[in-house]
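Visitor: I'd like to go over the cavities and the ligand here. Can you put the model up?

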Amino acid sequence: MEVPTAQAGAQTGVFPAVRHRRLRRSEGIRRLVREAVPRPSQLVLPMFAVEGVGVRQPVDALPGVARLSPDLLVEEARTAYEAGIGGVLLFGVTDQKDAVASSAHAEDGVVQQAVRALRVAVPDLVVITDVCLCAYTDHGHCGLLDDDGDVANDPSLEVLARTAVSHADAGADVVAPSDMMDGRVAAIRQALDDAGHEGVAIMSYSAKYASAFYGPFREAAGSAPGHGDRRGYQMDPPNAREAVREVREDVAEGADMVMVKPAATYLDVIRDVRAATDLPLAAYHVSGEYAMIHAAAERGWLDARRAMMETLTAIVRAGADIVITYAAVDAARWIEEER
Ligand code: PBG
């Protein structure tokens with residue numbers, strides 16, 4: 001065996017003393033030194049609830065995702081729970097739309113029905129509800145409109161707060177406001193507490209950008225705005241510092257968890273927000289981000305499983321504690337297989 005020379009000693013810290021490939025030689029060693037590995041319990045599955053019984057409407061642009069009536073939604077949620085995921089995030093889809101989003105907070109609204117059914121059928125599943133008005137307004141905006149057709153911030157708060165309370169009344173564990181009105185976390189916290197729901201948590205979509213990647217979701221939820229766009233309330237994609245301001249505001253207003261959305265194109269924002277708060281941080285791998293992986297895979301251009309896992313891993317590596325993804329159930333199974 002060769003004795004290391006003074007020369008080689010002086011080289012410690014660089015090649016050939018250092019060989020990075022030593023820790024990549026076998027799956028056993030790679031596993032030993034692996035850093036960011038998503039856990040099934042970190043994954044949250046978005047689900048779309050529709051009225052009726054036995055209704056299953058696959059969403060074209062989201063392979064594996066369907067709008068489901070409460071009876072079928074409960075079955076899929078049970079399967080997801082058994083796969084070990086951390087929770088579900090519920091959206092409502094309805095034809096019952098008006099200018100003031102009355103069906104958003106109706107006691108027998110579609111989300112409220114689905115939550116009640118889940119509470120009975122899968123009692124230990126964490127149920128998170130999306131709180132927004134866009135799927136319930138005839139104009140498709142996330143808040144109420146003023147006389148000029150602009151989204152009116154302060155009048156929207158009361159409707160959002162009523163919606164959150166109605167979800168909590170139905171049994172939601174967590175409410176997740178995604179509307180991007182200013183002051184909604186405080187308004188919702190106050191309304192929940194006044195209604196005796198001080199135990200219901202708020203996961204705020206704190207840094208939600210006006211993104212092109214929501215396209216397939218709007219097809220699924222029937223929530224595209226009828227006029228204009230959402231740039232007057234969702235964030236401008238170039239702004240990262242502003243995300244930290246949004247997060248600090250939501251924390252001050254009483255958010256229990258914060259979110260960055262989208263995820264894969266905003267990894268820097270996830271990293272910045274991670275450094276700015278100790279609260280649990282969620283990141284939403286949104287519909288378009290999911291759809292493009294599947295679209296490429298369908299053409300044989302990449303491997304959907306590997307591309308999806310690499311993406312979810314990147315989101316966790318950037319600092320997310322919770323990843324909201326349409327691939328939650330598949331990913332939970334893949335993670336178990338690879339353990
Ligand atoms: C509702 C809402 C949207 C998404 C989540 N909540 C759409 C939007 O803001 O237009 C997008 C989710 C996705 O694309 O997967 N405001």
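Guide: Terms to begin with: on a 1 Å grid over the protein atoms alone, a cavity is a set of points where a 1.4 Å probe fits but cannot get out, and lining residues have an atom within 4 Å of a point. Grid points are joined across faces, edges and corners, and a volume is the space filled by probe spheres set on the points. This is a predicted model, where local features need pLDDT of at least 70 and side-chain atom pairs count only at pLDDT 80 or more, while totals for chains, interfaces and linings use all residues. Residues are numbered from 1 along each chain as its sequence is written, and side-chain values use heavy atoms, with hydrogens and water left out.

Visitor: OK. How many cavities of 30 Å³ or more are there?

Guide: There are 3. The largest has a volume of about 130 Å³, and the second largest about 80 Å³.

Visitor: Which residues are closest to the centre of the largest one?

Guide: K208, Y214, F217, R218 and K261, out of 17 that line the cavity. Two elements, β9 (201–208) and α7 (215–221), give two or more residues to that lining; helices (H or I, at least four residues) and strands (E, at least two) are DSSP runs, numbered from the N terminus.

Visitor: And what is the lining made of, by class?

Guide: It has 8 nonpolar, 4 polar and 5 charged residues. Ala, Val, Leu, Ile, Met, Phe, Trp, Tyr, Cys and Pro count as nonpolar, Asp, Glu, Lys and Arg as charged, and the others, Gly among them, as polar.

Visitor: Switching to the ligand: where does it sit?

Guide: In the largest cavity, meaning that more than half of its atoms lie within 2 Å of the cavity's grid points.

Visitor: Which residues come nearest to it?

Guide: K208, R218, K261, S287 and Y326, among 18 around the ligand; a residue counts if one of its heavy atoms lies within 4 Å. By class, this shell has 10 nonpolar, 3 polar and 5 charged residues.

Visitor: What are the distances from ligand oxygens to side chains?

Guide: A polar side-chain atom of K208 is 2.7 Å from a ligand oxygen, and one of R218 is 2.6 Å from a ligand oxygen. For Q234, a side-chain N or O atom lies 2.9 Å from an oxygen of the ligand.

Visitor: Back to the second largest cavity. Which residues line it?

Guide: F91, G92, D130, C132, C134, A135, Y136, F217 and A221. At least two of the lining residues come from β4 (87–92), and at least two from α7. The lining divides into 7 nonpolar, 1 polar and 1 charged.

Note on methods. On a 1 Å grid over the protein atoms alone, a cavity is a set of points where a 1.4 Å probe fits but cannot get out, and a pocket is an open set with protein on both sides within 12 Å along at least five of seven lines; lining residues have an atom within 4 Å of a point. A polar contact is a pair of N or O atoms within 3.5 Å; within protein, one must be able to donate a hydrogen and the other to accept it, and residues adjacent in sequence count only if both atoms are side-chain atoms.
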